[in-house]
Amino acid sequence: MEFINSPEAKAAKLPFSQAVRVGDVLYLSGALGNKPGTLEIVSGGMEAEARQTMENIGAVLRENGLSFHDVFKCTVMLADMAKWADFNKVYMGYFDHDRLPARSAFGANGLALGAQVEVECWAYVGE
């Protein structure tokens, strides 16, 4: 088992690892739409926040030699389920439409930092 944190994640001193590798699977902690290196959520509404969330996930994947092509499961948490379609407009741009990860989505009573969306992913590391 390997616990993974970028220098930025370590500097934030958050109470969790950015990702954990167990065997051939990289488990990414839930990502928010915060500006990289800060605890500040981007402005601009759901689409801007969703885009930054996905970019933050992409950065963790790249740091580990992976891409969205390697993601096989996502869990999406939304502060307002009425924004599900707005989130999906952004989310769909990060995956091949013939190779979408398994996914769950649910409404949350509140997310860290007042975020509108949080996404957790699992990726296949392979050989």
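Strands E3 and E6 (residues 117-124) run antiparallel to each other, paired over 5 bridges. One of the contacts along this pair puts Leu28 opposite its bridge partner in E6, Cys121. Everything described here comes from a predicted model, so read the numbers as computed from predicted coordinates.

E3 also has a partner in strand E2. Here E2 (residues 19-22) and E3 (residues 25-31) are again antiparallel, this time over 4 bridges. Two of the pairings can be named: Val20 has Tyr27 as its bridge partner in E3, and Arg21 has Leu26. The hairpin made by E2 and E3 leaves 2 residues between the strands, and Gly23 adopts a positive phi near 60° in that hairpin.

Zooming out, these pairs belong to an open sheet of 6 strands with mixed pairing, laid out in the order E1-E2-E3-E6-E4-E5. The edges are taken by strand E1 (2-4) and strand E5 (102-107), each of which pairs on one side only. On average, and ignoring direction, neighbouring strands of the sheet are turned by 15° against each other. As for what holds such an arrangement together, strands of a sheet pair through backbone hydrogen bonds, in either the parallel or the antiparallel sense.

Two helices pack on this sheet. H2 touches E2, E3, strand E4 (71-78) and E6, and the direction of H2 makes about 30° with that of E6. H3, for its part, touches E4, E5 and E6, with a direction at about 150° to that of E5. Within H2 sits Ala59, a residue that counts as partly exposed because its relative accessible area is 26%. Ala59 also offers a handy sequence-versus-space check: Ser6 is 53 residues away from Ala59 in sequence, while the C-alpha to C-alpha distance is 9.9 Å.

Turning to charged side chains, the structure holds 3 salt bridges. Two of them involve Lys89. In one, the side chain of Lys89 meets that of Glu47, with an N to O distance of 3.1 Å. This pair ties together distant parts of the chain, since Lys89 belongs to helix H3 (residues 84-91) and Glu47 to helix H2 (residues 45-63), with 42 residues separating them. The other partner of Lys89 is Asp86, where the closest N and O atoms are 3.6 Å apart. That one is a local affair: both Lys89 and Asp86 lie in helix H3, 3 residues apart, or about one turn of the helix. Through shared partners, the salt bridges join Glu47, Asp86 and Lys89 into one network.

How do the members of this network fare for accessibility, buried or exposed? Lys89 is exposed because its relative accessible area comes to 53%. Glu47, at 31% relative accessibility, is therefore classed as partly exposed, and Asp86, at 26%, is likewise partly exposed.

The remaining salt bridge to describe is formed by the side chains of Glu40 and Lys35, at 3.0 Å from N to O. With relative accessibility at 43%, Glu40 is partly exposed. Lys35 is also in the partly exposed class, because its relative accessibility is 34%.

Key
Residues numbered from 1 in each chain as written. Predicted model: local features only at pLDDT ≥ 70, side-chain atom pairs only at ≥ 80, totals over all residues. Heavy atoms only, no water. Salt bridge = Lys/Arg side-chain N within 4 Å of Asp/Glu carboxyl O. Buried < 20%, exposed > 50% of the residue type's maximum accessible area, 1.4 Å probe, protein only. Pairing = 2+ DSSP bridges. Axes fitted to C-alpha atoms, helices over the stretch in contact; angles between N-to-C directions. Contact = heavy atoms within 4.5 Å.
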